[in-house]
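Trainee: I have a structure to read and would like to learn how to go through it feature by feature. Could you show me the model and guide me from there?

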Amino acid sequence: VGKPSGFMLDNIASTLGLERDEICMVGDRLDTDIMFGKNGGLRTALVLSGVTSEETLMSPENEVTPDVYMPQLSALLSVKDAALAAKVSA
């Protein structure tokens, strides 16, 4: 089974007991990683330290938009902290 695959998503959600809206697909490719997440009903985060550049992301020709994007994977920690803070205050 290759990536992206709906089978992978079903297995991850089932194994971890998660709803799809509780899962965030993090990747560096708009055409595979982010599209997989969007098509599967997941949150998506694009990391610009890999294949996709900010120029490509912002291009008028680009049709795939992640929920968030960041320059590098370590920036995900601030997103996680903000999400946890919002959950606590709710």
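Trainee: Let me begin with the charged side chains: which side chain meets that of Arg-29 in a salt bridge?

Mentor: Before the answer, keep in mind that this is a predicted model. A salt bridge is read from a side-chain nitrogen of Lys or Arg within 4 Å of a carboxyl oxygen of Asp or Glu. In this case the partner of Arg-29 is Asp-31, and the distance from N to O is 3.3 Å. Arg-29 is partly exposed, with a relative accessible area of 33%, and Asp-31 is also partly exposed, at 46%.

Trainee: How many salt bridges does the count come to?

Mentor: The count comes to 3 salt bridges. Another of them joins the side chains of Asp-10 and Arg-20, with 2.6 Å from N to O. Because Asp-10 lies in helix α1 and Arg-20 in the loop between α1 and β1, this pair ties together parts that are 10 residues apart in sequence. Asp-10 has a relative accessible area of 43% and is therefore partly exposed, while Arg-20 counts as partly exposed at 35%.

Trainee: And which side chain meets Lys-38 in a salt bridge?

Mentor: That is Asp-67, with a distance of 3.1 Å from N to O. Lys-38 belongs to helix α2 and Asp-67 to the loop between α3 and β3, so the parts tied together here are 29 residues apart in sequence. Lys-38 counts as partly exposed at 34% relative accessibility, and Asp-67 is partly exposed as well, with a relative accessible area of 43%.

Trainee: You keep naming helices and strands, so I should learn the layout: how many helices and strands does the chain have?

Mentor: The chain has 4 helices and 3 strands, and, read from the N terminus on, its elements run α-β-α-β-α-β-α. The C-alpha atoms fill a box of roughly 35 × 35 × 20 Å along the principal axes.

Trainee: In what order do the strands lie in the sheet?

Mentor: As a general idea, strands of a sheet pair through backbone hydrogen bonds, either parallel or antiparallel. In this structure 3 strands form an open sheet in the order β1-β2-β3, and the pairing is parallel. The edge strands are β1 and β3, each of which pairs on one side only. Neighbouring strands of the sheet are turned by 20° against each other on average, with direction ignored.

Trainee: How many bridges join β1 to β2, and how many join β2 to β3?

Mentor: β1 and β2 pair over 4 bridges, with Cys-24 standing opposite Arg-43 in β2. On the other pairing, 3 bridges join β2 to β3, and there Ala-45 stands opposite Val-68 in β3. β2 is also mostly covered, since 4 of its 5 residues are buried.

Trainee: Which residues of helix α2 are buried?

Mentor: A useful general idea is that an α-helix has 3.6 residues a turn, so residues three or four places apart point the same way. In helix α2, which spans residues 30–39, the buried residues are Leu-30, Thr-32, Asp-33, Ile-34, Phe-36 and Gly-37. What covers them includes α1 (6–16), β1 (24–27), β2 (43–47) and α3 (54–58). The helix is followed by Gly-41, whose phi is positive, near 80°.

Trainee: What about the surface: which residues form a nonpolar patch there?

Mentor: The patch is formed by Ile-12, Leu-16 and Leu-18, which together have about 240 Å² of accessible area. Leu-18 has its place in the loop between α1 and β1 and is partly exposed, with a relative accessible area of 30%. For the whole chain, the exposed area is about 6000 Å², of which carbon and sulfur atoms supply 56%, whereas buried residues make up 28% of the 90 residues.

Trainee: One last place, further along the chain: where is Ala-75?

Mentor: Ala-75 has its place in the loop between β3 (68–70) and α4 (76–89). With 22% relative accessibility, Ala-75 counts as partly exposed, because buried would mean under 20%. It also lets you compare sequence with space: Ala-75 and Lys-87 are 12 residues apart in sequence and 19 Å apart in space, C-alpha to C-alpha.

Note on methods: Residues are numbered from 1 along each chain as its sequence is written. This is a predicted model: local features need pLDDT of at least 70, side-chain atom pairs count only at pLDDT 80 or more; totals for chains, interfaces and linings use all residues. Side-chain values use heavy atoms; hydrogens and water are left out. Helices (H or I, at least four residues) and strands (E, at least two) are DSSP runs, numbered from the N terminus. Buried means under 20% relative accessible area, exposed over 50%, partly exposed in between (1.4 Å probe, protein chains only). Contact means heavy atoms within 4.5 Å. Two strands pair if DSSP finds at least two bridges between them. Axes are lines fitted to C-alpha atoms, for helices over the stretch in contact, and angles run from 0 to 180 degrees between N-to-C directions. Patches are made of residues with over 30% relative accessible area and no salt bridge: like charges are joined within 9 Å, nonpolar side chains (Val, Leu, Ile, Met, Phe, Trp, Tyr) within 5 Å. Accessible areas come from the Shrake-Rupley method with a 1.4 Å probe; for residues, only the protein chains shown count as cover.
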